[in-house]
Amino acid sequence: MSTIETKKVKFSVFRFNADEDYLPYYDEYEMEVTSEEVVLDILNRIKWDHDGSFSYRRSCRHGICGACAIKVNGRSTLACKERMFDMIDLFGSELTLDPLSQKRAIKDMIIDKNDFWEKHAAVTPYLVAEIDEHPESENIVTPEEEHRLLDADLCIQCGACHYACPVVEINEEYFGPAAFTAAYRFSADVRDHSENRLKDVNEMGQGVWDCVKCFECAEVCPKEINPIEKITKLHQMAFQEGVAENNVAVRHAVGFKKSIEKRGVLDEGGLVLYSEGPAIVKHIPVALKMFKKGKIQMPWNIPTSKNLDEIKKLVKSSSTVEF
Amino acid sequence: MSKLKYALFTGCTAKQSTPEQYMSTMAVAKKLGIELVELVEASCCGASHLQDYDEFLSLVLNARNIAYAEKHGLTMVTICNTCQLNTAMTKHKLDKDPELKAKVNEKLQEVGLVYKGTSEITHFLYAIIDDIGLDKIKEMVVKPLSQFNIAPFYGCHNIRPSELANEGHKTPESPYNPTSLDDLIIACGGESVDYEEKNKCCGFHVELQAPKTAAVLTGNAIAGAMDNNADMMVTPCPLCHLKLDTQADHAGEAIGRELEMPVLHMQQMVGLALGCDPKELGLQHHVVDVNFV
Ligand code: SF4
Ligand code: SF4
Ligand code: FES
């Protein structure tokens, strides 16, 4: 019989009861962890062997209900899917278990996930379609049309990405990567005719333009859904369907093409001017400081790519949208 | 060992808002005996924004840049995390999808170019670690940075998405526990500072459209380094550098405390340790003075 490998791990476990505690604290446990175990097994052992009052969410134990997401050493993860030995390989033998969001903690690993669900609801996460109750034939969706959804329909709403997103932490309005994934799933559906969804998710403040492109969401998703890929698609769809508004965020994206077409290389000052318009004045104090240090080039000193004619030609022949 | 030779994709900031990044790249390459062939034909990579507008155009333009590196038969070296991301992402997509590659090549043909997929693309940081090696750097150090606590700031696009990031270099890097820059700091004789924000985002990409978010992220990063007794930060990304060096005041206002931290480009740190002249490394071009050397 083969022996099961074990490793000793020191766990620091976030404890908090919103009804009783003023501040959270950490309990420490030392355990032998086996190569067979996932993070959820550790949560179970803490509750069953050490402290029956320890609280966490779990249901399916098969990576499908989305209830068990927590953070291990700051990294969002699905407890029932994540292998303990992988965590030890990544972070060593001292591991900290936290809820997905400390400031939303209700009891230990359990958080108030309302903001997540509200944002999900806000992106019209369903098909908007006139359905004939007595159709003469089936509504066929071709495999190609189905492929447009990519894997957005595999989301289990675990919230791992949402609470890993730095913008969600800072900007309360921001819908977040999971809501955008849901928005994409329905906006990419050929049967959908929603008039608001794409506009809503393109609105500044709450929408995709506030994404900092950090790829944290892509990194944590236990379903390997890559939410920022869907965010990029939502940007593109706004242009393709003509709902992109003339605002600083949109001009910032468009400005790259204008600059590249003109000189190949980006004209940094020109991009800021084109994006901001008259609001550029607010950048003057920083610009002056930069100018003094030789960090701003005069228009005649901005380089131009060699063989610019090639670039101009390609911009003409390869553009797929106009704004 | 034959002389190392790469095709250098400078990106746009190296010739505009971060001239010191270009200067220090050249100075360090010279010291390390690396030959750099500058891709003067290259256009802007689109900085992860052009693709939001027109993805196909972005692919064609980046493929053109790579095609020039291929013409030289050289690995493309980038000196900006976002250039690295966009260029490597283009390569990844085209190499995986022959149909897309054919479509892109149809366009490139119009200007007599072809994308083959023969050139690797790697950030200068990893070129140094993979091809020169940390031991060799250590040997070459003449002015160890031994009195300094240096906080590494990795920048998102060199470490995430990790699958793509790890295609570009031999030394594996985890986005949760990155080590390359720490190792380089240590090789240069410095003390590497561990802090929570080292693998977090600086906020650069929403500077215009979401200034508050951008400022808080920059603020958190500088504050994290300060709270852990860093004397300076170091980053391989000129966009992170711009945020940390030129926006510290805004960032401080956003998080309600005073912030100031000298920030080195990765190349400047290596250059200092290897005995380059600070002027040659462009230290005079920083908004936050680097006056300890
Ligand atoms: S890439 Fe965008 S949505 Fe994803 S975690 Fe970062 S800021 Fe949030
Ligand atoms: S996109 Fe992935 S990480 Fe985000 S909620 Fe859905 S399954 Fe969870
Ligand atoms: S318990 Fe259902 S996903 Fe983990």
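## A proline in chain B

Let's start in chain B, where B:Pro161 sits in the loop between α8 (156–159) and α9 (162–165). Keep in mind that everything here comes from a predicted model. What is the peptide bond from B:Arg160 to B:Pro161, cis or trans? It's cis, and its omega is near -15°.

## Two helices that cross

Staying in chain B, have a look at helix α6 (residues 124–132) and helix α10 (residues 180–187). They pack at an angle of about 65°, and their axes are 11 Å apart. The crossing of α6(B) past α10(B) is left-handed.

Which residues make the contact? From α6(B) come B:Leu125, B:Tyr126, B:Ile128 and B:Ile129, while α10(B) brings B:Ser180, B:Leu181 and B:Leu184. Sorted by class, the residues of this contact are six nonpolar, one polar and no charged.

## Two positive phi angles in chain A

Now over to chain A. A:Asn73 isn't a glycine, yet it has a positive phi of about 45°. You'll find A:Asn73 in the loop between β3 (69–72) and β4 (75–78) of chain A. Is A:Asn73 buried, partly exposed or exposed? It counts as partly exposed because its relative accessible area is 28%, and the partly exposed class lies between 20% and 50%.

A:Gln157 is another residue that has a positive phi without being a glycine, this time about 60°. Its place is the loop between α4 (143–147) and α5 (166–170) of chain A. A:Gln157 has a relative accessibility of 19%, so it counts as buried; the cut-off for buried is under 20%.

## Around ligand 2

A:Gln157 also turns up among the residues around ligand 2. Its companions there include A:Cys155, A:Ile156, A:Cys158, A:Gly159, A:Ala160 and A:Cys161. Further along the chain, A:Ala178, A:Cys221, A:Pro222, A:Lys223 and A:Pro227 belong to the group too.

How does this shell split by class? There are nine nonpolar, two polar and one charged residues around ligand 2.

## Around ligand 1

Ligand 1 has 14 residues around it. The ones that come nearest are A:Cys165, A:Cys211, A:Cys214, A:Phe215 and A:Cys217. Which elements give two or more residues to this shell? They are α5, α8 (216–220) and α9 (227–240) of chain A.

As for class, the shell around ligand 1 has twelve nonpolar, no polar and two charged residues.

Terms used. Residues numbered from 1 in each chain as written. Chains lettered and ligands numbered in written order. Predicted model: local features only at pLDDT ≥ 70, side-chain atom pairs only at ≥ 80, totals over all residues. Heavy atoms only, no water. Near = heavy atom within 4 Å. Nonpolar A, V, L, I, M, F, W, Y, C, P; charged D, E, K, R; others polar. Helix = DSSP H or I, 4+ residues; strand = E, 2+ residues; numbered from the N terminus. Buried < 20%, exposed > 50% of the residue type's maximum accessible area, 1.4 Å probe, protein only. Axes fitted to C-alpha atoms, helices over the stretch in contact; angles between N-to-C directions. Left-handed = near helix turned anticlockwise from the far one by under 90°. Contact = heavy atoms within 4.5 Å.
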